[in-house]
Amino acid sequence: MARLPAIALLASAALPGALAWGAMGHETVAYIASNFVSSATKTYFQDLLGDTSANYLASVAAWADSYRYTSAGSFSAPFHYIDANDSPPSACGVDYARDCGAAGCIVSALQNYTSILLDGRYSAANHQIAAKMIIHFAGDIGQPLHCEALDVGGNSIDVVYDGEDTNLHAIWDSDIPESISGGSSLASAKSWATTLTTAINSGEYKSQAASWLTGLSVATAAIQQATALKWAAEANAYVCSTVLQGGVAAVENKELSGAYTTTADPVVKLQIAKQGYRLAKYLDAIVAAA
Ligand SMILES: *[C@@H]1O[C@H](CO)[C@@H](O)[C@H](O)[C@H]1NC(C)=O
């Protein structure tokens, strides 16, 4: 969830499952990643995170959403998004110089935490935080409304979902993903990840999965930034093609659990699958370079 006014943040932070991509979406991305990492990567992150279970990535995937609401972690709130100042639905696009604010954004944060993880001068505790940030932001950057400035990334566009008042950002974070996976639990995430892993290995994504990795590299800070910027631009394009296809008036105060969700579903599935697969290969690249 991006950029709500303080009062709204307090209220929504108290609601389980109200945090971005919701926890379930992040856990799904993490489970998909754990299905594709190399054995060296698995060992590296199980050691770093002190967790030898199969949930070693999934169980930390939503941590950054609690950390941002603590006083120690409030500096990291802008790291969850990039405010693309484009004009959906007629023109989409991300411009790093224009859109990544002075306090940082999801693109600079992915670069920063990648550099920290690759730098042996940082402590294990700092490496652990960096890993948890990367696992989280690799998910958020695939959510189109985390790469959009308009109406606070859709947070201030009121909509109705299954009869409940909510906002456009929240339904992309949680309601639509949960309507696909069947719930908000870790078990829902795990089973959705299994479905999407099969789609990548032998199903509808098989022919395109390799192309998702184009440009993926951690070789230099500039390349880390370019990798993240490419992911952000791709997610942002869906704001024009799908999220706000008919403009704000087409969604504002409307019930979106029907036809709108049917149209959104393939984009949500693709973005979760893609970011999970990318996260696996990104973590592999970090371990290879560390
Ligand atoms: C990089 O991460 C560190 C550790 O969380 C943080 O203190 C610093 O502000 C970040 N720098 C940038 C440029 O985001």
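In this predicted model, the ligand sits among five residues, namely Phe75, Phe79, Asn112, Tyr113 and Ile116. By class, this shell comprises four nonpolar residues and one polar residue, with no charged member. Two side chains of the shell approach oxygen atoms of the ligand: a polar side-chain atom of asparagine 112 lies 2.3 Å from one ligand oxygen, and an N or O atom in the side chain of tyrosine 113 is 2.7 Å from a ligand oxygen. Of the 360 Å² that the ligand exposes when taken alone, the protein buries 49%.

A helpful place to turn next is aspartate 86, found in the loop between α4 (63-67) and α5 (96-99). Aspartate 86 is buried but takes part in no salt bridge. Its nearest side chain of opposite charge belongs to arginine 98, 5.6 Å away, and a salt bridge requires the side-chain nitrogen to be within 4 Å of a carboxyl oxygen. Polar partners are nevertheless present. The side chain of aspartate 86 makes a polar contact of 2.8 Å with the side chain of asparagine 236, and one of its polar atoms lies 3.1 Å from the backbone nitrogen of glycine 93.

Charge pairing does occur elsewhere, with six salt bridges in the structure. In general, side chains of opposite charge can pair when their charged atoms come close. A network of such bridges links Lys230, Glu234, Lys274 and Arg278, and glutamate 234 is a convenient point from which to follow it. Glutamate 234 is partly exposed, at a relative accessible area of 24%.

One partner of glutamate 234 is lysine 230, with the closest N and O atoms 3.4 Å apart. Both residues belong to helix α11 (residues 221-243), where a spacing of four residues places them about one turn of the helix apart. Lysine 230 is also partly exposed, with a relative accessible area of 31%.

The bridges to lysine 274 and arginine 278 reach across to another helix. For lysine 274, the closest N and O atoms are 2.6 Å from each other in the salt bridge with glutamate 234. Because glutamate 234 lies in helix α11 and lysine 274 in helix α12 (residues 259-289), this pair ties together parts that are 40 residues apart in sequence. Lysine 274 counts as buried, at 4% relative accessibility. Arginine 278 meets glutamate 234 in a salt bridge of 2.9 Å, N to O. Arginine 278 likewise lies in helix α12, so its pairing with glutamate 234 in helix α11 joins parts 44 residues apart in sequence. At 1% relative accessibility, arginine 278 is buried too.

Key
Residues are numbered from 1 along each chain as its sequence is written. This is a predicted model: local features need pLDDT of at least 70, side-chain atom pairs count only at pLDDT 80 or more; totals for chains, interfaces and linings use all residues. Side-chain values use heavy atoms; hydrogens and water are left out. A residue is near a molecule or strand if one of its heavy atoms lies within 4 Å of it. A polar contact is a pair of N or O atoms within 3.5 Å; within protein, one must be able to donate a hydrogen and the other to accept it, and residues adjacent in sequence count only if both atoms are side-chain atoms. Accessible areas come from the Shrake-Rupley method with a 1.4 Å probe; for residues, only the protein chains shown count as cover. Ala, Val, Leu, Ile, Met, Phe, Trp, Tyr, Cys and Pro count as nonpolar, Asp, Glu, Lys and Arg as charged, and the others, Gly among them, as polar. Helices (H or I, at least four residues) and strands (E, at least two) are DSSP runs, numbered from the N terminus. Buried means under 20% relative accessible area, exposed over 50%, partly exposed in between (1.4 Å probe, protein chains only). Lys and Arg count as positive and Asp and Glu as negative; His and the chain ends are not counted.
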